[in-house]
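This report looks at the pockets of one protein model and then turns to a single residue. Please keep the sequence and the structure in view while reading.

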Amino acid sequence: MAFRAPRLLSRWRPFARSLSTNPFFLAPGELVPGIHAAEFQARRARAFELMATDSILILNAAEEKYSAHDIPYDFRQDSQFLYLTGLEEPDAIAVLKKDASDATSFVLFVRPRDAHSEQWDGPRVDTVSARSSYFADDAYTIDEFEGMLPKLVAPATQICITRAVQNKYSNRFLSATRPLQGTHSIQMADNLIDMLRVFKSPAEVAKMRHACDIGAGAFSHLMAQSRPGQLEISLAGTFEGFCRRQGSLRNSFPCVVGAGANGAVIHYLAKRSVVQPDELVLMDSGCEVTGNYVSDITRTWPSTGRFTQPQRDLYMLILDVQLKCLERLAQKMTQRERLTLDELHVYSVGLLVDGMQEFGILPRHLQKGSAALDQAFRKYNPTHLGHYLGMDVHDTPTYSRSHPLQPGMVITIEPGIYLPQNDESIPKEYRGIGIRIEDDVLITETGIEVLTKAVPKTVADLEAHIGSQGS
């Protein structure tokens, strides 16, 4: 992220599947581009190892959602379901069964073939291909789920399920499981799958690099074209257009683009303002590639390409904190010493507090470690330094940030400061400033790899890069 403009764009490298080929092409045996059916089978084997004897794990595919009565949203598969099955179709259910003798089986329920629906929406995975391509031991139509579920459980079978988005389960699932609620133990099993998902396989690391390469290229591209007079939503459109041209399916989340005081709103989604001269622009975005793998990047830059002195003061504080956190992370991982995201967060807070007290944003008389200082700090930064990243933006949420960081994990490092325009308790020159700098980091066997390092972030590189290309 510290290169001058001409080199930034030239050094960006797309995913190994070049754009001269179809990034959605499936090689023989693959269920997701770049991920073979055997890997999904291996994931299920690891899940079976974590499951209790005489238990089943029920996974629900996502349902199709509509913006109007017949206008569908872009379909995105439930990540827990996709991780263990590789199936990217709606209205399906998977059951992982481990019986009293520890014998295991994978049962898949899919939509029935329907000539009329397939004429409109395309072919469906049927029960035959569920067995042959997805390696299901047994396969049935989804209409058979309610009748089959009682046959998959014994009186003492423990039933495990995963959390639905916004806790909204399908009527079919609710109807099938309701009779068992009074006779069986039903437990949440997201933590079981999160324990697997937090560690990325080589194929998954390649997908993460792909998402980060595209996202980094999009940021470098739009920042080179950024200038006053643009709509915030126009910057979002530039980002999204670049990502789609490189084969990204969708954004990781709606673009956050805040100019001026809007940047002090941590997740500002409205994007209705026009970028003014001498404002800072805070943009937080990422893209998603096949398999649900995502990037998550934030940069803050001066709209005219030059920082004012107050902007520079605070920007250098945040950049210094991020670089020191990355340095500490690299040192600990290289030496194979214990470090957690929570511990790194505490370290970052200490650095931020020192700088904020120096600039008069936090009262100098408040002592470190005091509840009063913690409360004052959280007024201007209520966020955590980072989170896990993978098939979801805030990935594996049941896996605590108090666990030691280990090779195969991908995390974000994103210190920030958010100073409201109307807060008269802070120096006037700093009011209305919001700054965040975020990179995606892979923990490796020998240290760390910053996957988004191609995006400029030093003051010198930003001032050389912003607006360096025509629109």
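## The second largest pocket

Sorted by class, the residues that line the second largest pocket comprise twelve nonpolar, seven polar and 13 charged ones. The model in which this pocket is found is a predicted one. In total, 32 residues form the lining of the second largest pocket, and Phe75, Glu88, Glu89, Pro90 and Asp121 are those that lie nearest its centre. Two elements, β1 (30-32) and α4 (115-121), each give two or more residues to this lining, and the largest share, three residues, comes from α4.

The volume of the second largest pocket is about 740 Å³. Its lining is also drawn from both parts of the chain that are assigned as domains, with at least three residues from domain 1 (31-197) and at least three from domain 2 (199-465).

## The largest pocket

How much space lies in the largest pocket? The space there amounts to about 1,300 Å³, and 43 residues line the pocket, with Lys65, Arg76, Asp78, Ala164 and Val165 lying nearest its centre. The elements that contribute two or more residues to this lining are α3 (79-85) and α8 (190-197), and α8 supplies the largest share, which is four residues.

When the lining of the largest pocket is divided by class, there are 15 nonpolar, twelve polar and 16 charged residues. As for the domains, the lining of the largest pocket takes at least three residues from each of domain 1 (31-197) and domain 2 (199-465).

## Proline 112 and its surroundings

Where along the chain is proline 112 found? Proline 112 sits in the loop that runs between β7 (104-110) and α4, and α4 is the helix that gives three residues to the lining of the second largest pocket. The relative accessibility of proline 112 is 27%, so this residue counts as partly exposed, a class that lies between buried, under 20%, and exposed, over 50%.

Which residues does proline 112 touch, once those up to four places away in sequence are left out? The contacts of proline 112 are with Arg124, Thr141, Ile142 and Asp143. For one of these partners, threonine 141, the separation can be given in two ways: proline 112 and threonine 141 are 29 residues apart in sequence, while in space they are 5.3 Å apart from C-alpha to C-alpha.

Note on methods: Residues are numbered from 1 along each chain as its sequence is written. This is a predicted model: local features need pLDDT of at least 70, side-chain atom pairs count only at pLDDT 80 or more; totals for chains, interfaces and linings use all residues. Side-chain values use heavy atoms; hydrogens and water are left out. On a 1 Å grid over the protein atoms alone, a cavity is a set of points where a 1.4 Å probe fits but cannot get out, and a pocket is an open set with protein on both sides within 12 Å along at least five of seven lines; lining residues have an atom within 4 Å of a point. Grid points are joined across faces, edges and corners, and a volume is the space filled by probe spheres set on the points. Ala, Val, Leu, Ile, Met, Phe, Trp, Tyr, Cys and Pro count as nonpolar, Asp, Glu, Lys and Arg as charged, and the others, Gly among them, as polar. Domain bounds come from an automatic or database domain assignment. Buried means under 20% relative accessible area, exposed over 50%, partly exposed in between (1.4 Å probe, protein chains only). Contact means heavy atoms within 4.5 Å.
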